[in-house]
There are 2 protein chains.
Amino acid sequence: MKRTAFFISDGTGITAETLGQSLLAQFDTTSFTKLTRPYIDSVEKARAMVLQINSAAEKDGVRPIIFDTIVNQEIRDVLAQSEGFMIDIFSTFLAPLEQELCSHSSYSVGKSHSIGHNSNYMERIEAVNFALDNDDGARTHYYDKADLILVGVSRCGKTPTCLYMAMQYGIRAANYPLTEDDMERLQLPAALKKHKDKLFGLTIDPDRLTAIRNERKPNSRYASFAQCEFEVREVENLFRRENIAFINSTHFSVEEISAKILVEKGVERRLK
Amino acid sequence: MKRTAFFISDGTGITAETLGQSLLAQFDTTSFTKLTRPYIDSVEKARAMVLQINSAAEKDGVRPIIFDTIVNQEIRDVLAQSEGFMIDIFSTFLAPLEQELCSHSSYSVGKSHSIGHNSNYMERIEAVNFALDNDDGARTHYYDKADLILVGVSRCGKTPTCLYMAMQYGIRAANYPLTEDDMERLQLPAALKKHKDKLFGLTIDPDRLTAIRNERKPNSRYASFAQCEFEVREVENLFRRENIAFINSTHFSVEEISAKILVEKGVERRLK
(Lines give C-alpha, C1' and ligand atoms only; values in the text may rest on other atoms or scores of the structure.)
Protein backbone atom coordinates (compact mmCIF):
# COMPACT_ATOMS: atom_id res chain seq x y z
CA MET A 1 0.00 0.00 0.00
CA LYS A 2 1.43 3.34 -1.06
CA ARG A 3 0.17 6.29 0.90
CA THR A 4 0.46 9.97 -0.04
CA ALA A 5 2.18 12.49 2.22
CA PHE A 6 1.69 16.20 1.53
CA PHE A 7 4.09 18.87 2.78
CA ILE A 8 2.00 22.05 2.62
CA SER A 9 3.18 25.56 3.38
CA ASP A 10 2.37 29.20 2.78
CA GLY A 11 6.10 29.72 2.12
CA THR A 12 8.82 27.59 0.51
CA GLY A 13 7.68 24.37 2.14
CA ILE A 14 11.17 23.65 3.43
CA THR A 15 10.17 23.41 7.09
CA ALA A 16 7.14 21.19 6.44
CA GLU A 17 9.19 19.03 4.08
CA THR A 18 12.20 18.72 6.39
CA LEU A 19 10.19 17.79 9.45
CA GLY A 20 7.79 15.57 7.51
CA GLN A 21 10.65 13.66 5.87
CA SER A 22 12.34 13.22 9.24
CA LEU A 23 9.21 11.86 10.86
CA LEU A 24 8.36 9.54 7.98
CA ALA A 25 11.95 8.23 7.97
CA GLN A 26 11.13 6.71 11.37
CA PHE A 27 8.60 4.42 9.68
CA ASP A 28 10.52 2.03 7.50
CA THR A 29 7.72 -0.26 6.64
CA THR A 30 5.31 2.08 4.95
CA SER A 31 6.14 3.63 1.62
CA PHE A 32 4.94 7.09 0.71
CA THR A 33 4.35 9.23 -2.33
CA LYS A 34 5.70 12.56 -1.14
CA LEU A 35 4.39 15.81 -2.56
CA THR A 36 5.52 19.31 -1.55
CA ARG A 37 3.05 22.10 -2.14
CA PRO A 38 4.56 25.53 -1.37
CA TYR A 39 2.91 28.96 -1.46
CA ILE A 40 -0.57 27.81 -0.46
CA ASP A 41 -1.28 31.32 0.76
CA SER A 42 -4.93 31.93 -0.06
CA VAL A 43 -8.28 30.34 0.62
CA GLU A 44 -8.64 29.65 -3.11
CA LYS A 45 -5.37 27.74 -3.27
CA ALA A 46 -6.33 25.84 -0.11
CA ARG A 47 -9.64 24.81 -1.73
CA ALA A 48 -7.72 23.48 -4.74
CA MET A 49 -5.42 21.61 -2.33
CA VAL A 50 -8.42 19.95 -0.69
CA LEU A 51 -9.44 18.53 -4.06
CA GLN A 52 -5.92 17.15 -4.59
CA ILE A 53 -5.87 15.63 -1.11
CA ASN A 54 -9.26 14.00 -1.50
CA SER A 55 -8.36 12.65 -4.89
CA ALA A 56 -5.17 11.09 -3.45
CA ALA A 57 -7.28 9.56 -0.66
CA GLU A 58 -9.58 7.98 -3.20
CA LYS A 59 -6.73 6.72 -5.39
CA ASP A 60 -4.70 5.30 -2.47
CA GLY A 61 -7.69 3.87 -0.62
CA VAL A 62 -6.31 5.43 2.57
CA ARG A 63 -6.24 8.99 3.83
CA PRO A 64 -3.08 11.02 3.11
CA ILE A 65 -0.85 12.42 5.85
CA ILE A 66 -0.58 16.21 5.80
CA PHE A 67 2.33 18.08 7.33
CA ASP A 68 1.54 21.77 7.27
CA THR A 69 3.21 24.96 8.46
CA ILE A 70 0.42 27.31 7.46
CA VAL A 71 0.02 30.21 9.85
CA ASN A 72 -3.25 31.71 8.70
CA GLN A 73 -6.22 30.24 10.57
CA GLU A 74 -8.70 30.73 7.75
CA ILE A 75 -6.50 28.83 5.28
CA ARG A 76 -5.91 26.05 7.79
CA ASP A 77 -9.63 25.73 8.41
CA VAL A 78 -10.14 25.02 4.72
CA LEU A 79 -7.42 22.35 4.69
CA ALA A 80 -8.87 20.77 7.81
CA GLN A 81 -12.02 19.97 5.82
CA SER A 82 -10.03 17.63 3.59
CA GLU A 83 -9.91 13.90 4.16
CA GLY A 84 -6.22 14.04 5.16
CA PHE A 85 -4.74 13.31 8.57
CA MET A 86 -3.27 16.63 9.68
CA ILE A 87 0.03 17.03 11.52
CA ASP A 88 -0.32 20.67 12.36
CA ILE A 89 3.23 21.75 13.01
CA PHE A 90 2.90 25.42 13.82
CA SER A 91 -0.29 25.46 15.83
CA THR A 92 1.12 22.67 18.02
CA PHE A 93 4.15 24.65 19.11
CA LEU A 94 3.21 28.32 18.79
CA ALA A 95 0.89 28.37 21.80
CA PRO A 96 3.44 26.97 24.30
CA LEU A 97 6.12 29.24 22.83
CA GLU A 98 3.88 32.30 23.16
CA GLN A 99 3.33 31.48 26.78
CA GLU A 100 7.00 30.85 27.49
CA LEU A 101 8.15 33.99 25.66
CA CYS A 102 5.29 36.09 27.07
CA SER A 103 4.91 37.40 23.55
CA HIS A 104 2.42 36.99 20.77
CA SER A 105 3.39 35.31 17.56
CA SER A 106 3.15 37.61 14.58
CA TYR A 107 1.36 34.82 12.69
CA SER A 108 3.00 36.12 9.56
CA VAL A 109 2.42 34.19 6.39
CA GLY A 110 5.54 32.93 4.64
CA LYS A 111 7.93 33.92 7.40
CA SER A 112 8.68 30.38 8.31
CA HIS A 113 12.15 30.04 6.87
CA SER A 114 14.48 32.60 8.28
CA ILE A 115 17.82 31.22 7.11
CA GLY A 116 18.96 32.94 3.97
CA HIS A 117 16.97 36.09 4.18
CA ASN A 118 18.35 39.45 3.26
CA SER A 119 20.66 40.01 6.20
CA ASN A 120 22.44 36.84 5.17
CA TYR A 121 22.23 37.25 1.42
CA MET A 122 25.61 38.83 0.73
CA GLU A 123 27.39 36.60 3.24
CA ARG A 124 26.01 33.57 1.53
CA ILE A 125 26.74 34.70 -2.02
CA GLU A 126 30.28 35.53 -0.94
CA ALA A 127 30.68 32.05 0.52
CA VAL A 128 29.39 30.39 -2.66
CA ASN A 129 31.73 32.52 -4.75
CA PHE A 130 34.60 31.63 -2.43
CA ALA A 131 33.88 27.92 -2.87
CA LEU A 132 33.72 28.29 -6.66
CA ASP A 133 36.85 30.45 -6.93
CA ASN A 134 38.85 28.16 -4.67
CA ASP A 135 37.56 24.88 -6.04
CA ASP A 136 39.83 22.01 -6.99
CA GLY A 137 43.06 23.80 -6.06
CA ALA A 138 42.35 26.48 -8.67
CA ARG A 139 44.13 29.01 -6.51
CA THR A 140 45.81 28.71 -3.16
CA HIS A 141 46.76 32.28 -2.28
CA TYR A 142 43.42 33.02 -0.60
CA TYR A 143 43.66 30.20 1.93
CA ASP A 144 44.21 32.72 4.72
CA LYS A 145 40.59 33.79 4.11
CA ALA A 146 39.25 30.23 4.23
CA ASP A 147 37.37 28.80 7.20
CA LEU A 148 38.21 25.29 6.02
CA ILE A 149 40.16 23.51 3.29
CA LEU A 150 38.92 20.09 2.25
CA VAL A 151 41.49 17.69 0.85
CA GLY A 152 41.13 14.30 -0.81
CA VAL A 153 41.45 12.44 -4.09
CA SER A 154 39.73 13.67 -7.24
CA ARG A 155 35.94 13.02 -7.22
CA CYS A 156 35.62 12.03 -3.58
CA GLY A 157 32.91 14.66 -2.92
CA LYS A 158 34.88 17.78 -2.01
CA THR A 159 33.08 20.24 -4.29
CA PRO A 160 29.47 19.41 -3.30
CA THR A 161 30.47 19.49 0.38
CA CYS A 162 32.12 22.91 0.04
CA LEU A 163 29.14 24.28 -1.85
CA TYR A 164 26.69 22.89 0.69
CA MET A 165 28.59 24.42 3.61
CA ALA A 166 28.67 27.75 1.78
CA MET A 167 24.96 27.67 0.99
CA GLN A 168 23.67 26.34 4.29
CA TYR A 169 26.08 27.90 6.77
CA GLY A 170 27.94 30.69 4.95
CA ILE A 171 31.22 28.85 5.61
CA ARG A 172 34.10 29.71 3.26
CA ALA A 173 35.48 26.36 2.25
CA ALA A 174 38.23 25.81 -0.31
CA ASN A 175 39.21 22.41 -1.62
CA TYR A 176 42.40 20.91 -2.95
CA PRO A 177 42.75 17.63 -4.83
CA LEU A 178 45.55 15.35 -3.67
CA THR A 179 47.08 13.86 -6.80
CA GLU A 180 49.50 11.04 -7.40
CA ASP A 181 52.38 13.52 -7.29
CA ASP A 182 51.53 14.53 -3.76
CA MET A 183 51.21 10.89 -2.79
CA GLU A 184 54.56 9.86 -4.14
CA ARG A 185 56.23 12.72 -2.38
CA LEU A 186 54.52 11.37 0.74
CA GLN A 187 53.97 14.85 2.01
CA LEU A 188 51.51 17.69 1.90
CA PRO A 189 51.91 20.35 -0.79
CA ALA A 190 53.53 23.52 0.55
CA ALA A 191 50.35 25.54 0.00
CA LEU A 192 48.54 23.26 2.44
CA LYS A 193 51.27 22.94 5.05
CA LYS A 194 50.93 26.60 5.97
CA HIS A 195 47.25 26.09 6.78
CA LYS A 196 47.34 22.69 8.39
CA ASP A 197 44.90 23.70 11.11
CA LYS A 198 42.22 24.35 8.43
CA LEU A 199 42.58 21.01 6.67
CA PHE A 200 39.96 18.31 6.76
CA GLY A 201 40.20 15.09 4.78
CA LEU A 202 37.55 13.32 2.75
CA THR A 203 37.93 9.73 1.72
CA ILE A 204 35.65 7.30 -0.09
CA ASP A 205 35.32 3.58 -0.77
CA PRO A 206 37.28 2.60 -3.90
CA ASP A 207 34.16 0.93 -5.38
CA ARG A 208 32.12 4.10 -5.17
CA LEU A 209 35.03 6.18 -6.48
CA THR A 210 35.40 3.87 -9.47
CA ALA A 211 31.70 4.27 -10.27
CA ILE A 212 31.83 8.07 -9.99
CA ARG A 213 34.99 8.41 -12.09
CA ASN A 214 33.59 6.10 -14.74
CA GLU A 215 30.70 8.52 -15.22
CA ARG A 216 33.26 11.18 -16.11
CA LYS A 217 35.97 9.25 -17.96
CA PRO A 218 34.69 5.78 -18.85
CA ASN A 219 37.28 2.99 -19.03
CA SER A 220 40.23 5.27 -18.27
CA ARG A 221 43.16 4.35 -16.06
CA TYR A 222 41.95 7.23 -13.84
CA ALA A 223 38.65 5.41 -13.30
CA SER A 224 40.10 1.90 -12.88
CA PHE A 225 39.51 0.14 -9.59
CA ALA A 226 43.25 -0.47 -9.15
CA GLN A 227 44.03 3.24 -9.47
CA CYS A 228 41.15 4.28 -7.19
CA GLU A 229 42.13 1.75 -4.59
CA PHE A 230 45.78 2.89 -4.71
CA GLU A 231 44.92 6.58 -4.39
CA VAL A 232 42.50 6.08 -1.53
CA ARG A 233 44.96 3.94 0.41
CA GLU A 234 47.81 6.40 -0.07
CA VAL A 235 45.70 9.38 0.88
CA GLU A 236 44.38 7.72 4.02
CA ASN A 237 47.97 6.94 4.97
CA LEU A 238 48.87 10.59 4.39
CA PHE A 239 45.96 11.73 6.59
CA ARG A 240 47.10 9.44 9.39
CA ARG A 241 50.76 10.39 9.08
CA GLU A 242 49.96 14.11 9.07
CA ASN A 243 47.31 13.84 11.75
CA ILE A 244 44.58 15.27 9.55
CA ALA A 245 41.06 14.41 10.72
CA PHE A 246 39.07 12.74 7.94
CA ILE A 247 35.76 11.12 7.18
CA ASN A 248 34.69 8.48 4.70
CA SER A 249 31.94 10.09 2.59
CA THR A 250 30.58 6.83 1.19
CA HIS A 251 27.81 6.21 3.69
CA PHE A 252 26.85 9.77 4.56
CA SER A 253 24.83 12.47 2.88
CA VAL A 254 26.34 15.85 2.09
CA GLU A 255 24.38 17.26 5.07
CA GLU A 256 25.84 14.68 7.41
CA ILE A 257 29.41 15.17 6.18
CA SER A 258 29.10 18.94 6.54
CA ALA A 259 27.64 18.78 10.04
CA LYS A 260 30.34 16.34 11.17
CA ILE A 261 33.12 18.56 9.78
CA LEU A 262 31.81 21.64 11.61
CA VAL A 263 31.61 19.73 14.89
CA GLU A 264 35.05 18.20 14.44
CA LYS A 265 36.77 21.47 13.49
CA GLY A 266 34.77 23.62 15.89
CA VAL A 267 33.85 26.03 13.09
CA GLU A 268 30.80 28.19 13.80
CA ARG A 269 28.26 28.89 11.07
CA ARG A 270 28.23 32.44 9.68
CA LEU A 271 24.53 32.63 8.78
CA LYS A 272 22.24 33.52 11.66
CA MET B 1 17.15 40.66 26.90
CA LYS B 2 18.91 38.11 24.72
CA ARG B 3 17.78 34.55 25.17
CA THR B 4 19.56 31.39 24.02
CA ALA B 5 17.88 28.88 21.71
CA PHE B 6 19.45 25.44 21.29
CA PHE B 7 18.76 23.19 18.31
CA ILE B 8 19.78 19.75 19.56
CA SER B 9 19.84 16.55 17.56
CA ASP B 10 21.32 13.06 17.47
CA GLY B 11 21.91 13.64 13.75
CA THR B 12 22.83 16.66 11.63
CA GLY B 13 20.54 19.04 13.50
CA ILE B 14 18.97 20.23 10.27
CA THR B 15 15.41 19.33 11.24
CA ALA B 16 15.65 20.86 14.73
CA GLU B 17 17.31 23.96 13.30
CA THR B 18 14.88 24.39 10.42
CA LEU B 19 11.77 24.05 12.55
CA GLY B 20 13.24 26.04 15.44
CA GLN B 21 14.25 28.91 13.15
CA SER B 22 10.80 28.89 11.58
CA LEU B 23 9.03 29.05 14.92
CA LEU B 24 11.30 31.73 16.34
CA ALA B 25 10.85 33.81 13.19
CA GLN B 26 7.24 34.24 14.29
CA PHE B 27 8.44 36.21 17.32
CA ASP B 28 9.89 39.44 16.05
CA THR B 29 10.34 41.15 19.33
CA THR B 30 12.63 38.75 21.14
CA SER B 31 16.18 38.29 20.02
CA PHE B 32 17.93 34.98 20.36
CA THR B 33 21.42 33.56 20.45
CA LYS B 34 21.00 30.47 18.31
CA LEU B 35 23.23 27.43 18.83
CA THR B 36 23.01 24.18 16.88
CA ARG B 37 24.37 21.10 18.60
CA PRO B 38 24.35 18.06 16.30
CA TYR B 39 25.35 14.46 17.07
CA ILE B 40 24.26 14.44 20.71
CA ASP B 41 23.94 10.68 20.53
CA SER B 42 25.08 9.44 23.93
CA VAL B 43 24.18 9.99 27.56
CA GLU B 44 27.65 11.46 28.14
CA LYS B 45 27.19 14.07 25.41
CA ALA B 46 23.72 14.85 26.77
CA ARG B 47 25.20 15.44 30.25
CA ALA B 48 27.72 17.87 28.75
CA MET B 49 24.83 19.60 26.92
CA VAL B 50 22.96 20.04 30.22
CA LEU B 51 25.95 21.95 31.61
CA GLN B 52 25.96 24.21 28.53
CA ILE B 53 22.22 24.81 28.79
CA ASN B 54 22.37 25.62 32.50
CA SER B 55 25.30 27.93 31.99
CA ALA B 56 23.38 29.81 29.27
CA ALA B 57 20.41 30.05 31.63
CA GLU B 58 22.58 31.63 34.28
CA LYS B 59 24.28 34.00 31.84
CA ASP B 60 21.02 35.13 30.19
CA GLY B 61 19.04 35.30 33.40
CA VAL B 62 16.24 33.41 31.64
CA ARG B 63 15.86 29.75 30.70
CA PRO B 64 16.91 28.77 27.17
CA ILE B 65 14.50 27.34 24.61
CA ILE B 66 15.43 23.85 23.44
CA PHE B 67 14.25 22.42 20.14
CA ASP B 68 15.22 18.77 20.01
CA THR B 69 14.75 15.88 17.61
CA ILE B 70 16.40 13.24 19.75
CA VAL B 71 14.80 9.85 19.40
CA ASN B 72 16.44 7.90 22.24
CA GLN B 73 14.40 8.15 25.44
CA GLU B 74 17.38 7.80 27.78
CA ILE B 75 19.21 10.69 26.14
CA ARG B 76 16.08 12.83 26.20
CA ASP B 77 15.57 12.10 29.88
CA VAL B 78 19.00 13.54 30.59
CA LEU B 79 18.27 16.70 28.58
CA ALA B 80 14.93 17.08 30.35
CA GLN B 81 16.81 17.58 33.63
CA SER B 82 18.33 20.80 32.29
CA GLU B 83 16.87 24.18 33.08
CA GLY B 84 15.80 24.70 29.45
CA PHE B 85 12.22 24.91 28.14
CA MET B 86 11.88 21.87 25.88
CA ILE B 87 10.06 21.83 22.57
CA ASP B 88 10.12 18.12 22.02
CA ILE B 89 9.58 17.80 18.30
CA PHE B 90 9.68 14.07 17.71
CA SER B 91 7.89 12.79 20.78
CA THR B 92 5.06 15.21 20.03
CA PHE B 93 4.34 13.80 16.60
CA LEU B 94 5.55 10.20 16.62
CA ALA B 95 2.75 8.87 18.83
CA PRO B 96 -0.13 10.19 16.67
CA LEU B 97 1.70 9.06 13.52
CA GLU B 98 2.23 5.56 14.94
CA GLN B 99 -1.46 5.34 15.64
CA GLU B 100 -2.45 6.63 12.20
CA LEU B 101 0.00 4.39 10.37
CA CYS B 102 -0.73 1.39 12.61
CA SER B 103 3.02 0.91 12.72
CA HIS B 104 5.73 1.39 15.28
CA SER B 105 8.40 3.97 14.79
CA SER B 106 11.86 2.48 14.49
CA TYR B 107 13.11 5.13 16.93
CA SER B 108 16.39 5.04 15.08
CA VAL B 109 19.02 7.50 16.16
CA GLY B 110 20.28 9.85 13.48
CA LYS B 111 17.73 8.83 10.89
CA SER B 112 15.97 12.11 11.00
CA HIS B 113 17.12 13.59 7.73
CA SER B 114 16.24 11.39 4.84
CA ILE B 115 16.89 13.75 1.94
CA GLY B 116 20.26 13.16 0.38
CA HIS B 117 20.91 9.66 1.57
CA ASN B 118 22.53 7.07 -0.58
CA SER B 119 19.74 6.39 -3.01
CA ASN B 120 19.92 10.06 -3.91
CA TYR B 121 23.65 10.54 -3.75
CA MET B 122 24.56 10.04 -7.40
CA GLU B 123 21.51 11.95 -8.62
CA ARG B 124 22.51 14.91 -6.52
CA ILE B 125 26.21 14.86 -7.44
CA GLU B 126 25.17 14.67 -11.10
CA ALA B 127 22.92 17.68 -10.67
CA VAL B 128 25.66 19.72 -8.96
CA ASN B 129 28.08 18.76 -11.72
CA PHE B 130 25.51 19.73 -14.32
CA ALA B 131 25.08 23.16 -12.72
CA LEU B 132 28.85 23.69 -12.60
CA ASP B 133 29.50 22.46 -16.14
CA ASN B 134 26.67 24.54 -17.57
CA ASP B 135 27.27 27.65 -15.51
CA ASP B 136 27.41 31.13 -17.01
CA GLY B 137 26.78 29.99 -20.58
CA ALA B 138 29.99 27.92 -20.49
CA ARG B 139 28.42 25.44 -22.87
CA THR B 140 25.03 25.32 -24.50
CA HIS B 141 24.98 21.96 -26.29
CA TYR B 142 23.68 20.07 -23.26
CA TYR B 143 20.54 22.16 -22.85
CA ASP B 144 18.42 19.25 -24.02
CA LYS B 145 19.42 17.52 -20.76
CA ALA B 146 18.51 20.55 -18.60
CA ASP B 147 15.36 20.71 -16.48
CA LEU B 148 15.63 24.50 -16.42
CA ILE B 149 17.77 27.30 -17.86
CA LEU B 150 18.03 30.47 -15.79
CA VAL B 151 18.69 33.69 -17.69
CA GLY B 152 19.53 37.17 -16.47
CA VAL B 153 22.25 39.81 -16.31
CA SER B 154 25.66 39.01 -14.89
CA ARG B 155 25.65 38.68 -11.05
CA CYS B 156 21.89 38.66 -10.57
CA GLY B 157 22.01 35.40 -8.57
CA LYS B 158 21.78 32.72 -11.27
CA THR B 159 24.66 30.52 -10.07
CA PRO B 160 23.67 30.19 -6.39
CA THR B 161 20.08 29.48 -7.43
CA CYS B 162 21.13 26.74 -9.86
CA LEU B 163 23.43 25.19 -7.26
CA TYR B 164 20.74 25.30 -4.60
CA MET B 165 18.18 23.61 -6.87
CA ALA B 166 20.77 20.94 -7.70
CA MET B 167 21.68 20.32 -4.07
CA GLN B 168 18.21 20.47 -2.55
CA TYR B 169 16.08 18.99 -5.30
CA GLY B 170 18.41 17.23 -7.74
CA ILE B 171 17.20 19.57 -10.49
CA ARG B 172 19.53 20.03 -13.47
CA ALA B 173 19.65 23.76 -14.00
CA ALA B 174 21.90 25.55 -16.49
CA ASN B 175 22.32 29.29 -16.59
CA TYR B 176 23.10 31.79 -19.30
CA PRO B 177 24.14 35.42 -18.81
CA LEU B 178 22.36 37.94 -20.99
CA THR B 179 24.95 40.47 -22.07
CA GLU B 180 24.74 43.82 -23.73
CA ASP B 181 25.11 42.16 -27.13
CA ASP B 182 21.95 40.17 -26.61
CA MET B 183 20.17 43.28 -25.43
CA GLU B 184 21.08 45.39 -28.40
CA ARG B 185 19.96 42.68 -30.76
CA LEU B 186 16.74 42.77 -28.76
CA GLN B 187 16.33 39.06 -29.11
CA LEU B 188 17.23 35.81 -27.46
CA PRO B 189 20.47 34.06 -28.45
CA ALA B 190 19.85 31.13 -30.79
CA ALA B 191 21.00 28.59 -28.17
CA LEU B 192 18.18 29.73 -25.90
CA LYS B 193 15.46 30.05 -28.53
CA LYS B 194 15.45 26.32 -29.10
CA HIS B 195 14.70 25.71 -25.42
CA LYS B 196 12.32 28.52 -24.70
CA ASP B 197 10.04 26.33 -22.61
CA LYS B 198 12.89 25.75 -20.13
CA LEU B 199 13.79 29.40 -19.65
CA PHE B 200 13.18 31.29 -16.44
CA GLY B 201 14.32 34.86 -15.88
CA LEU B 202 15.98 36.38 -12.84
CA THR B 203 16.09 40.09 -12.31
CA ILE B 204 17.39 42.28 -9.50
CA ASP B 205 17.17 45.86 -8.26
CA PRO B 206 19.88 48.00 -9.88
CA ASP B 207 21.05 49.19 -6.43
CA ARG B 208 21.71 45.67 -5.21
CA LEU B 209 23.33 44.73 -8.52
CA THR B 210 25.67 47.72 -8.27
CA ALA B 211 26.72 46.66 -4.77
CA ILE B 212 27.34 43.05 -5.82
CA ARG B 213 29.30 43.98 -8.94
CA ASN B 214 31.40 46.47 -6.98
CA GLU B 215 32.56 43.63 -4.76
CA ARG B 216 33.93 41.95 -7.85
CA LYS B 217 35.16 44.85 -9.98
CA PRO B 218 35.25 48.01 -7.90
CA ASN B 219 34.64 51.30 -9.72
CA SER B 220 34.33 49.67 -13.14
CA ARG B 221 31.85 50.71 -15.81
CA TYR B 222 30.42 47.19 -15.40
CA ALA B 223 29.63 47.98 -11.75
CA SER B 224 28.31 51.51 -12.29
CA PHE B 225 24.71 52.24 -11.36
CA ALA B 226 23.99 53.60 -14.85
CA GLN B 227 25.15 50.38 -16.50
CA CYS B 228 23.32 48.16 -14.01
CA GLU B 229 20.13 50.14 -14.38
CA PHE B 230 20.37 49.98 -18.18
CA GLU B 231 20.98 46.23 -18.26
CA VAL B 232 18.20 45.42 -15.82
CA ARG B 233 15.70 47.55 -17.74
CA GLU B 234 16.63 46.03 -21.09
CA VAL B 235 16.52 42.48 -19.76
CA GLU B 236 13.13 42.98 -18.14
CA ASN B 237 11.88 44.34 -21.45
CA LEU B 238 13.27 41.27 -23.19
CA PHE B 239 11.53 38.96 -20.70
CA ARG B 240 8.22 40.71 -21.28
CA ARG B 241 8.59 40.75 -25.05
CA GLU B 242 9.52 37.09 -25.18
CA ASN B 243 6.96 36.07 -22.59
CA ILE B 244 9.55 34.59 -20.24
CA ALA B 245 8.37 34.26 -16.65
CA PHE B 246 10.74 36.03 -14.27
CA ILE B 247 11.23 36.95 -10.65
CA ASN B 248 13.06 39.78 -8.91
CA SER B 249 15.60 38.13 -6.63
CA THR B 250 16.24 41.21 -4.49
CA HIS B 251 13.82 40.52 -1.69
CA PHE B 252 13.87 36.74 -1.64
CA SER B 253 16.24 34.12 -0.29
CA VAL B 254 17.73 31.49 -2.57
CA GLU B 255 15.28 28.98 -1.04
CA GLU B 256 12.32 31.18 -1.89
CA ILE B 257 13.46 31.88 -5.45
CA SER B 258 14.02 28.16 -6.06
CA ALA B 259 10.64 27.13 -4.64
CA LYS B 260 8.86 29.79 -6.71
CA ILE B 261 10.61 28.71 -9.91
CA LEU B 262 9.63 25.06 -9.42
CA VAL B 263 6.00 26.01 -8.80
CA GLU B 264 5.92 28.38 -11.77
CA LYS B 265 7.55 25.95 -14.21
CA GLY B 266 5.81 22.86 -12.82
CA VAL B 267 9.14 21.05 -12.48
CA GLU B 268 9.10 18.12 -10.04
CA ARG B 269 12.04 17.51 -7.71
CA ARG B 270 14.22 14.51 -8.54
CA LEU B 271 15.30 13.65 -4.98
CA LYS B 272 12.84 11.56 -3.04
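These notes walk through the predicted model, from its two chains down to two of its sheets.

1. Some ground rules come with a predicted model: local features need pLDDT of at least 70, side-chain atom pairs count only at pLDDT 80 or more, and totals for chains, interfaces and linings use all residues. Residues are numbered from 1 along each chain as its sequence is written, chains are lettered from A in the order in which they are written, and side-chain values use heavy atoms, with hydrogens and water left out.

2. Start with the two copies. A turn of 180° with a shift of 0.0 Å along the axis lays chain B on chain A with an RMSD of 0.0 Å (least squares on the C-alpha atoms of residues with pLDDT of at least 70 in both). That is how a two-fold axis relates them. The same surface serves both copies, as 100% of the contact residues of chain B recur in chain A (contact means heavy atoms within 4.5 Å).

3. Now look where they meet. Chain B and chain A each bring 92 residues to the contact. About 8000 Å² is buried between them, 60% of it from carbon and sulfur atoms (accessible area, 1.4 Å probe, that two parts lose on being put together, summed over both).

4. Which side chain of chain A meets B:E255 in a salt bridge? The partner is A:R124, at 2.8 Å from N to O. Across the interface of chain B and chain A there are 10 salt bridges (a side-chain nitrogen of Lys or Arg within 4 Å of a carboxyl oxygen of Asp or Glu).

5. Chain A has an open, parallel sheet of 4 strands in the order 2-1-3-4. Helices (H or I, at least four residues) and strands (E, at least two) are DSSP runs, numbered from the N terminus, and two strands pair if DSSP finds at least two bridges between them. The edges are strand 2 (31–37) and strand 4 (85–88) of chain A, each pairing on one side only. Strand 1 (residues 2–8) and strand 3 (residues 65–68) of chain A share 4 bridges, and A:I8 stands opposite A:D68. Helix 3 (residues 73–80) of chain A packs on this sheet, touching strand 1, strand 3 and strand 4 of chain A.

6. For chain B, try tracing the open sheet of 4 strands with parallel pairing, ordered 6-5-7-8. Its edge strands are strand 6 (173–177) and strand 8 (246–248) of chain B. In the middle, 3 bridges join strand 5 (residues 148–152) to strand 7 (residues 199–203) of chain B, and B:V151 has B:G201 as its bridge partner.

Methods:
Axes fitted to C-alpha atoms, helices over the stretch in contact; angles between N-to-C directions.
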